[in-house]
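Biologist: I should be grateful for a close look at a single part of this structure. Please extend the account to other sites whose local geometry or surroundings deserve attention.

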Amino acid sequence: MLEINNLHVKLQDEDKAILKGLSLSVEAGSVHAIMGPNGSGKSTLSYVLAGRDGYEVTDGTATLDGESLLDMEPEERAAHGLFLAFQYPVEIPGVGNMTFLRTAVNAQRKARGEAELSSGEFLKVIRAKAKDLKIDAEMLKRPVNVGFSGGEKKRNEILQMAMLEPRMCILDETDSGLDVDAMKLVAEGVNALRSEGRAFLVITHYQRLLDHIKPDVVHIMANGRIVKTGGPELALEVEENGYADILAEVQA
Amino acid sequence: MSAVASPRAARRAARQQATAERLATLTLPAAPAWLKPAREAAMARVAELTLPDRRDEYWSYTNPEKLISAEVRPAEVFKITDEPPMYQGIDRLKIVFVDGVFSAADSDPLAGEGLEITRLADSADIHWAKDLYGTLEAAGQSPVPRPLAALNSALATDGVLIRATGKVKRPVSLIYRRAGRDSAVTLHHVVKLEKGAELTLLENGPVAARASMVIEAEVGEGAALHHVRTMGRDHERKAVTHVFARVAEKATLKSFSLSMNGRLMRNEVMVWLAGKDGTAHVAGAALGEGVFHHDDTVFVAHQAPGCESRQVFKKVLRDGAVGVFQGKILVEQPAQLTDGYQLSQSLLMDERCQFLAKPELEIYADDVKCSHGSTSGEISADHLFYLRARGVPEEEAKLLLVLAFLAEALDEIDDEDIANDMRLRLRRWLERHSH
Ligand SMILES: Nc1ncnc2c1ncn2[C@@H]1O[C@H](COP(=O)(O)OP(=O)(O)O)[C@@H](O)[C@H]1O
Ligand SMILES: [Mg+2]
């Protein structure tokens, strides 16, 4: 589903390479995890895939179901089914959460040639999904993420994902800053979406999220590259010994 | 005594000369007898204050020249054909002015429950407005002179005198239309709310190529005046407006203005919170591009304890448009427990736009809470990316963010139907001007 091949990315305004030949292949129906030390380029990868400005792709490709992501505007990538749960969701004063989500859902439907949801239909769906994530109606009325706690912001990301029903979901450290209960809610939200036609790329530092969202494949990322790929046991190894051993082994 | 005049005196003499020359070209319009002394006094004030020029500190961001010089009649009246009429579906008392002249044929009967309305030009000789016309304007000449308001008091050809004695349900809606007979129009409205009265006053429509408008409002004890003005889409518009409002104990004034397009606008508001526990909210949204120059100059004087005031002004500027905000909160010594808030912000859609702001606080009481902030900036790239990453197309995302930027000003309109009509105008403007 998601194919990344030899991706090289530098900062647009600086001569600083961040991704240095990253390759990755995520099949439909699977969950892949990426772990790696701070600064290894995990968020950069997610931003480049989602289409954020400020980066320059100097080499390589990234495709979603065979279509090149890198040539698309961010909204086109979203309409093609790509979703990024941000590591740091922004607060947007003055834009109501509901208005925002309805606009987003309907914009995507429109882009895909589907009928837009009426406000009644939309309300029904969002209420049910918000309830599952223990997001109360009051939060939905507030401006996007304004005054939300760290955990509420992350749950709001998952709510957006549930509403938009993307096919390729990238979660960038959605577990950071969550207490155990909130993490369970988030994991349940993700697991509820797991299906044959959908894939996940879960970026995390910690094994604990992966206890709840069982990955099929675990990648270790360092210095802008995937340096090791394995099964769930790789995450346990990181949990026990940190990255040092793995990195030393790779460099050896 | 020196024989040589000081530079200052020489400058004053030159200004008096220029003012005298300009005034000599003007004639006081016919007026009911009760109005004559007020007009003559106003004319004398203009001569004394002299007309403003660019060197005045109060006019350092906006050149008053085009608001003063004789107006050339435009070849063509700008016709707006694609804008649905405002306030459709809102029950209101309509009062129509065509080229600045009251049109009885187009207006509703000037009557309503708890209302006394008279046209300025043919008001009866013994009139309650006698004590008000020109009075608040004259009081508003200090601490800063506002000679264009005095000039308006002298020259106004029409307007309405509105007295509310109770809670008036239907808004009074002043509608301006242009037929193109006149290129410069001077209107002067006087509004008086008796104790406990309530009134919503709406103004909309193109007045003239050049308009001068003054509202003097006396808001009595416990009374509430809501004023909403829209100026929109007549691209050649030059306008100078003044609202003078004196707010009594426990009374409320809310004045909102929406301005779109036009060339040159100077909107001045002067409010005296004269009785304790009064409220004054003055807000505005302005959207313009290119030659658009929009100036909000606001002065709120807290004279009594326990009053609350807010100034919220937002501007969206494109293609080199210029926005100006001069806002002052003055807290006089007796005005303890004042709660004053002032915010002026501009969204600059490109680098050629300018926002010039001069926020001021002057406080002589010790137990007060006052805050002010003034910023200008672009749409946040992070906000834009977040919306786009969720699938919202760029133009729609920008529109949402601009509306979000304006929201705090719009929130100052209490009536939801009126506020929604404003949102519609804003949205339409933004859609027309996105490129
Ligand atoms: N916009 C940026 N400006 C400057 N440095 C950046 C920017 N984006 C990323 N970097 C740098 O690139 C490296 C990778 O960052 P990031 O992708 O956030 O890593 P991770 O998410 O793995 O912690 C870091 O050294 C970071 O400082
Ligand atoms: Mg990161």
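Biologist: Where in chain B is the place of B:Tyr87?

Modeller: The model is a predicted one, and every value below should be read in that light. B:Tyr87 sits in the loop of chain B that runs between α3 (65–68) and β1 (93–98). Its backbone has a positive phi of about 55 degrees, although the residue is not a glycine. As background, most residues other than glycine have a negative phi. B:Tyr87 has a relative accessibility of 0%, so it counts as buried, the limit being under 20%.

A:Lys134 may be set beside it. This residue, again not a glycine, has a positive phi of about 55 degrees. A:Lys134 belongs to the loop between α4 (119–132) and α5 (137–141) of chain A. Whereas B:Tyr87 is buried, A:Lys134 is exposed, with a relative accessible area of 60%. A further backbone feature occurs in chain B, where the peptide bond leading from B:Ser142 to B:Pro143 is cis, with omega near 5 degrees. In general, most peptide bonds are trans. B:Pro143 lies in the loop that separates α4 (135–139) from α5 (147–155) of chain B.

Chain B also offers a group of residues that can be followed through their contacts. B:Thr338 is placed in the loop between β17 (322–331) and β18 of chain B. With a relative accessible area of 1%, B:Thr338 is buried. Its side chain makes a polar contact of 3.5 Å with the side chain of B:His302, and it also reaches the backbone oxygen of B:Ala335 at 2.7 Å. When neighbours within four places in sequence are left aside, the contacts of B:Thr338 are B:His302, B:Cys307, B:Val331, B:Asp367, B:Val368, B:Lys369 and B:Cys370.

One of these partners, B:Val368, is in the loop between β19 (354–363) and β20 (369–377) of chain B. B:Val368 is partly exposed, at 24% relative accessible area. Apart from neighbours within four places in sequence, B:Val368 touches B:Val331, B:Ala335, B:Thr338 and B:Ile363. B:Val368 and B:Asp382 are 14 residues apart in sequence, and their C-alpha atoms are 37 Å apart in space.

Strand β18 (residues 339–348) of chain B contains B:Ser346. This serine has 2% relative accessibility and counts as buried. Residues up to four places away not being counted, B:Ser346 is in contact with B:Lys315, B:Leu317, B:Phe355, B:Thr375, B:Ser376, B:Gly377 and B:Phe405.

In chain A, the ligands deserve attention. The magnesium ion (ligand 2) is coordinated by OG of A:Ser43 and OE1 of A:Gln87, at 2.1 to 2.3 Å. A:Ser43 is part of helix α1 (residues 42–50) of chain A, and A:Gln87 is part of the loop between β6 (82–85) and β7 (92–96) of that chain, so the pair ties together parts that are 44 residues apart in sequence. Both A:Ser43 and A:Gln87 are buried.

A:Ser43 also appears among the residues around ligand 1, which include A:Leu11, A:Lys16, A:Ile18, A:Pro37, A:Asn38, A:Gly39, A:Gly41 and A:Tyr55. Helix α1(A) gives the most to this shell, with three residues. A polar backbone atom of A:Lys42 lies 2.8 Å from an oxygen atom of ligand 1, and for A:Ser43 a polar backbone atom likewise lies 2.8 Å from an oxygen atom of the ligand. A backbone N or O atom of A:Ser40 is 3.3 Å from an oxygen atom of ligand 1. On its own, ligand 1 has 550 Å² of accessible area, of which the protein covers 63%.

Helix α9 (residues 233–241) of chain A completes the account. Its buried residues are A:Leu234, A:Ala235 and A:Val238. They span an arc of only 105 degrees around the axis, which puts them on the same side of α9(A). A:Glu233 and A:Glu240, on the other side of α9(A), are exposed. The buried residues of α9(A) pack against β3 (31–35), α8 (207–212), β11 (217–222), β12 (225–230) and α10 (244–251) of chain A. After α9(A) comes A:Gly242, which has a positive phi near 75 degrees.

Key. Residues are numbered from 1 along each chain as its sequence is written. Chains are lettered from A and ligands numbered from 1 in the order in which they are written. This is a predicted model: local features need pLDDT of at least 70, side-chain atom pairs count only at pLDDT 80 or more; totals for chains, interfaces and linings use all residues. Side-chain values use heavy atoms; hydrogens and water are left out. Donors are N, O and S atoms within 2.8 Å of the metal (3.2 Å for Na, K and Ca); water is not among the atoms, so sites may look incomplete. Helices (H or I, at least four residues) and strands (E, at least two) are DSSP runs, numbered from the N terminus. Buried means under 20% relative accessible area, exposed over 50%, partly exposed in between (1.4 Å probe, protein chains only). The arc is that of the directions from the helix axis to the C-beta atoms. Contact means heavy atoms within 4.5 Å. A residue is near a molecule or strand if one of its heavy atoms lies within 4 Å of it. A polar contact is a pair of N or O atoms within 3.5 Å; within protein, one must be able to donate a hydrogen and the other to accept it, and residues adjacent in sequence count only if both atoms are side-chain atoms. Accessible areas come from the Shrake-Rupley method with a 1.4 Å probe; for residues, only the protein chains shown count as cover.
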